[in-house]
Amino acid sequence: MKNLPSAPQWETPLLKPHGLGDLNKFGRRTARRDLIEAIDGVSVHELVEAYGSPVFVTSERRLRENIRKIRRAFDSRWPDVVHGWSYKTNYTTAICNILHQEGSIAEVVSGFEYDKARHNGVAGHDIIFNGPNKKRVQLERAIDEGAMIHVDHFDELALIGDIASERRQNVRLALRLTFDTGFTEAWSRFGFHLESGQAHEAARRIAAHPYLQLHGLHSHIGTFILDPRAYESQVKIMCGFMREVEAGQDHLIDYIDIGGGLPSRNALQGVYQPPQQAVPDLDDYAEAICGALARETQYRLDAGQKRPRLIFESGRAVVDDAQSLIASVCGLKMLPDGRRSAILDAGVNVLISARN
Ligand SMILES: *Cc1c(COP(=O)(O)O)cnc(C)c1O
């Protein structure tokens, strides 16, 4: 027996978030050991015992704190702000409902998500119906229920126009716009292109239609946007278009929806600075957005008119750092270069840093 080689020592792998003061992944390895043994006071072991592994855990406390903090930043700077929870970011029923309790309406991009929001008790008029693939039956339902329909392209606009004409029913619409802010890469797949005149043409067709009215403008300029000036540019461009559109119709635009894109405070793959350095304050974003909105809609006040409502659709900044993934190591592997890799039951492998 005593000739047997001793069994290799088991070491728990060290996984830790990238934090302030750490070097990036090309630099020195961190020495601090941040073992997370509990999430919001509930032990990780108990969670795994109760729900198995792997398991996603969401902190309700953090989720509520996040949305309240974001809301405060905007509410304190603009008189009429609405947050639309982007269902595609996370459509777990409990998460959606917590956000609806906090006052968020629903932003959906498919019939499936629309139904889900209705099942969650969201009224049709509190649903923003986005997405490039809205079926006729879904549009008919959305019209019946008074949803905010954000039109993505000309064929969809024609379909909605047909439905409205068949029914002789007025339908309020918003246009999804795409344009270059000069800061982010334009997401040109979705919406009407502004610079080429598509968006103007869409607004003209709506104005010329007996049953359609344009009431909102929407754009989503990207995600994890690290420069608040991108939003300033976005708001400026949207307000410029709003003014032009209002000149060609007999009513005002009710709302401007700036989409999502605020960065979370989690470290993102590919961002090597820790989030505390890389991510500006929420207040910087709210200030850039609301400041631009105030300047660009001053003409309304001068004319004794109401300012537009501001809608924003922050997704990841609300939920990202409220979630943890608990996984278990189911095996260890030696890689050809000598490094060790842990195989996790969550379907990922992680390199294990040496302890120091
Ligand atoms: C994905 C998406 C959002 C949420 O984006 P985040 O970057 O997570 O804030 C909001 N609006 C639309 C239209 C989206 O597609």
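Biologist: Which of the 15 residues around the ligand come nearest?

Modeller: Those are Lys 88, Thr 223, Gly 261, Glu 313 and Gly 315. Keep in mind that this is a predicted model.

Biologist: What makes the pair between the ligand and the side chain of Thr 223 a polar contact?

Modeller: A polar contact is a pair of N or O atoms within 3.5 Å. Here an oxygen atom of the ligand sits 2.4 Å from an N or O atom in the Thr 223 side chain, so the pair qualifies. Polar backbone atoms join in too: one of Gly 261 is 2.8 Å from a ligand oxygen, and one of Arg 316 is also 2.8 Å from a ligand oxygen. As for cover, the ligand taken alone exposes 390 Å², and the protein buries 93% of that.

Biologist: How many residues of each class make up the shell around the ligand?

Modeller: The shell has 10 polar residues, 5 charged ones and no nonpolar ones. Gly counts as polar in this scheme.

Biologist: Why is strand β10 described as largely enclosed by the rest of the structure?

Modeller: Buried means under 20% relative accessible area. In β10, residues 212-218, 6 of the 7 residues are buried, so the strand is largely enclosed.

Biologist: How do you know that β10 pairs with β8 and with β11?

Modeller: Two strands pair if there are at least two bridges between them. β8 (residues 171-178) and β10 are joined by 6 bridges and run parallel; Leu 173 has Leu 214 in β10 as its bridge partner. Between β10 and β11 (residues 255-257) there are 3 bridges, again parallel, and His 218 stands opposite Asp 257 in β11. Both pairs therefore pass the two-bridge cut-off. Together with helix α8 (residues 228-247), β10 and β11 make a right-handed β-α-β unit.

Biologist: Why is Asn 266 called partly exposed?

Modeller: Partly exposed is the range between the 20% and 50% cut-offs. Asn 266 has 30% relative accessibility, so it counts as partly exposed. You'll find Asn 266 in the loop between β11 and α9. Its C-alpha atom is 5.9 Å from that of Asp 321, although the two residues are 55 apart along the chain.

Biologist: And what makes Glu 156 buried?

Modeller: Its relative accessible area is 4%, and the cut-off for buried is under 20%, so Glu 156 counts as buried. Glu 156 belongs to helix α6 (residues 154-167). A polar atom of the Glu 156 side chain lies 2.9 Å from the backbone nitrogen of Asp 152.

Terms used
Residues numbered from 1 in each chain as written. Predicted model: local features only at pLDDT ≥ 70, side-chain atom pairs only at ≥ 80, totals over all residues. Heavy atoms only, no water. Buried < 20%, exposed > 50% of the residue type's maximum accessible area, 1.4 Å probe, protein only. Helix = DSSP H or I, 4+ residues; strand = E, 2+ residues; numbered from the N terminus. Right-handed = clockwise from strand over helix to strand, strands pointing away. Near = heavy atom within 4 Å. Polar contact = N/O pair within 3.5 Å; in protein donor to acceptor, adjacent residues only side chain to side chain. Areas by Shrake-Rupley, 256 points an atom, 1.4 Å probe, with all protein chains shown as cover.
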